[in-house]
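Here is a short briefing on one protein structure. Please keep the sequence and the coordinates open while reading.

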Amino acid sequence: MRKTIAVLALSLLAAHVMAAVSPEEAAKLGTTLTPVGAEKAGNADGSIPAWTGGIPKNAGAVDSKGFLADPFAGEKPLFVITAATVDKYKDKLSDGQVAMFKRYPETYKIPVYPSHRTVNLPADIYESIKRSALNVKAINDGNGLENFTGNRYYAFPIPKNGVEVLWNHITRYHGGNLRRIITQATPQTNGSYTPIRFEEEVAVPQAIPDIDPAKAANVLSYFKQSVTAPARLAGNVLLVHETLDQVKEPRLAWIYNAGQRRVRRAPQVSYDGPGTASDGLRTTDNFDMFSGAPDRYDWKLVGKKELYIPYNSYKLDSPTLKYDDIIKAGHINQDLTRYELHRVWEVVGTVKPSERHIYAKRHMYIDEDSWQVALVDHYDGRGQLWRVAEGHAQFYYDHQVPAYTVETLYDLIAGRYLALGMKNEEKSSFVFGFAAKAADYTPAALRSEGVR
């Protein structure tokens with residue numbers, strides 16, 4: 001009997017040691033904290049409201065193509081920040097946003113609207129988050145995750161350091177299996193551009209019924225990207241197996257080249273390798289604001305602050321717009337954007353002395369309600385602010401999924417930028433929950449995907 005009690009005590013002690021947070025801390029999820037770990041209360045002056053459950057699934061109409069009506073279409077900006085007034089608001093802007101006013105003083109503006117905490121997630125995702133809080137632990141110097149099983153979402157809802165905050169962005173909920181058709185633009189300084197059209201799929205192992213659990217044990221997601229326009233690039237297909245611990249098992253990537261009609265391994269699809277058809281304006285890990293392995297940086301958690309960030313960007317996603325309405329010289333059409341005051345986690349990534357990356361420092365701001373990266377300031381090796389990223393977000397209330405409407409990455413030195421994710425002119429919005437098969441995400445399947 002004593003032996004049994006001793007063994008039980010040791011097992012409970014071991015479970016506690018492995019736990020990311022204590023049961024008492026985890027109990028804050030859904031009480032003083034939202035179920036994803038944000039502060040439930042509003043701020044002192046009420047400019048950030050309390051979270052009261054987000055907006056309902058029927059918050060607006062959904063058209064025949066799946067595009068969402070703007071629940072806040074009747075609202076007007078509280079004020080518009082311009083180059084003439086930016087100094088008044090600097091404490092609630094990133095250095096990159098301030099730099100954009102200096103780079104484009106005549107045209108850049110930030111329209112600030114009332115803040116709405118719209119995000120909520122399905123009940124089973126909330127259950128997964130609480131399980132993560134109690135069980136998930138960072139390993140391999142923060143580059144891998146232990147005990148991250150089942151529906152693997154939001155590894156550290158109550159983070160203790162910078163890399164844990166970043167992991168929440170990497171492991172956030174995308175709506176299960178996601179299919180989308182989007183356009184990327186890399187305008188010249190005069191605003192002229194050639195649209196690059198992608199057909200993309202993201203599938204997660206837990207939503208692929210015939211997946212081999214052993215083979216998928218270290219896989220976070222499968223990603224497939226087909227280029228369908230312009231003609232010179234059409235037919236090229238990229239396949240990525242996104243691994244959880246990329247130090248233990250690097251990201252696996254293959255490219256089908258339509259011109260060569262061959263499938264090749266693509267180790268360059270990682271870190272600061274060039275992004276697909278980006279004209280050198282983004283790195284691979286700029287995709288999704290940040291993606292891939294965190295291991296080349298030391299991540300410092302600065303804390304929380306209140307910033308004006310792109311939010312509830314339904315107007316920017318309107319199917320009544322043409323891409324020419326959005327893409328302008330220097331930056332996207334800021335009259336179509338919406339910014340709100342929100343609390344963000346502030347994290348600074350600095351390249352480790354033993355590593356290399358074209359971005360020596362990344363200053364990141366992550367929305368507390370969605371764990372999506374909202375803003376990133378990128379610095380070069382000389383310490384000069386180089387590229388400014390903004391993630392224009394919206395909440396797909398009909399499916400309870402936060403996502404990006406458009407990701408922008410502005411090169412302050414070159415005077416050019418990249419806009420990724422536009423779908424205004426496409427035949428459909430995002431498709432969530434499609435049926436995926438394991439065979440669709442193998443190198444052998446790539447050749448049949450290429451069309452030219």
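The points below cover voids, strand and helix burial, selected residues and unusual backbone geometry.

This is a predicted model. It holds 4 cavities of 30 Å³ or more. Helix α5 is largely enclosed by the rest of the structure, because 9 of its 9 residues are buried. A cis peptide bond joins Ala 229 and Pro 230.

**Largest cavity**

- The largest cavity has a volume of about 100 Å³. Of its 17 lining residues, the closest to the centre are Tyr 311, Asp 367, Ser 370, Gln 372 and Ala 393.
- Four strands each supply at least two lining residues: β11 (297–310), β14 (373–379), β15 (385–396) and β16 (401–411).
- β15 gives the most to this lining, with 4 residues.
- By class, the lining of the largest cavity has 10 nonpolar, 6 polar and 1 charged residues.

**Second largest cavity**

- The second largest cavity encloses about 80 Å³ of space.
- Its lining consists of Arg 282, Asn 286, Met 289, His 378, Ala 389, Glu 407, Thr 408, Leu 409, Leu 418 and Leu 420. β16 and β17 are the elements that give two or more residues to this lining.
- β16 gives the most, with 3 residues.
- The class split of this lining is 5 nonpolar, 3 polar and 2 charged residues.

**Second largest pocket**

- The second largest pocket has a volume of about 280 Å³. It is lined by 17 residues, and the closest to its centre are Phe 148, Arg 152, Ala 216, Ala 217 and Asn 218.
- Its lining has 9 nonpolar, 5 polar and 3 charged residues.

**Strand β5 and its partners**

- β5 spans residues 178–185, and 7 of its 8 residues are buried.
- β5 pairs with β6 (residues 196–203) in the antiparallel sense over 7 bridges. Within this pairing, Ile 182 has Phe 198 of β6 as its bridge partner.
- β5 also pairs with β17 (residues 416–422), again antiparallel, over 3 bridges. Here Gln 184 stands opposite Leu 420 of β17. Leu 420 is also one of the residues that line the second largest cavity.
- β18 (residues 431–432) pairs with β5 in the antiparallel sense over 2 bridges. In β18, Phe 432 is the bridge partner of Leu 178.

**Helix α5**

- α5 runs over residues 162–170. Its buried residues include the charged-class Glu 164. Trp 167, Asn 168 and His 169 are among the other buried residues.
- At the start of α5, a side-chain oxygen of Asn 161 comes within 3.4 Å of the backbone nitrogen of Val 163.

**Thr 337 and Lys 28**

- Thr 337 is found in the loop between α6 (323–326) and β12 (339–351).
- Is Thr 337 buried or exposed? Thr 337 is buried, because its relative accessible area is 0% and buried means under 20%.
- A polar atom of the Thr 337 side chain lies 2.7 Å from the backbone oxygen of Gln 334.
- Not counting residues up to four places away in sequence, Thr 337 touches Pro 111, Tyr 113, Ile 332 and His 392.
- Lys 28 is in the loop between α2 (23–26) and β1 (79–81). Its relative accessibility is 41%, so Lys 28 counts as partly exposed.
- Lys 28 and Glu 39 are 11 residues apart in sequence, and their C-alpha atoms are 9.8 Å apart.

**Backbone geometry**

- Most residues other than glycine have a negative phi, and most peptide bonds are trans. The cases below depart from that pattern.
- The cis bond between Ala 229 and Pro 230 has an omega of about 5°. Pro 230 is in the loop between β7 (219–229) and β8 (237–243).
- Arg 261 has a positive phi, near 55°. Its place is the loop between β9 (252–257) and β10 (262–265). At 47% relative accessibility, Arg 261 is partly exposed.
- Met 289 also has a positive phi, about 70°. Met 289 is in the loop between β10 and β11. Its relative accessibility is 2%, so Met 289 counts as buried. Met 289 is also among the residues that line the second largest cavity.

Terms used: Residues are numbered from 1 along each chain as its sequence is written. Side-chain values use heavy atoms; hydrogens and water are left out. On a 1 Å grid over the protein atoms alone, a cavity is a set of points where a 1.4 Å probe fits but cannot get out, and a pocket is an open set with protein on both sides within 12 Å along at least five of seven lines; lining residues have an atom within 4 Å of a point. Grid points are joined across faces, edges and corners, and a volume is the space filled by probe spheres set on the points. Buried means under 20% relative accessible area, exposed over 50%, partly exposed in between (1.4 Å probe, protein chains only). A polar contact is a pair of N or O atoms within 3.5 Å; within protein, one must be able to donate a hydrogen and the other to accept it, and residues adjacent in sequence count only if both atoms are side-chain atoms. Contact means heavy atoms within 4.5 Å. Two strands pair if DSSP finds at least two bridges between them.
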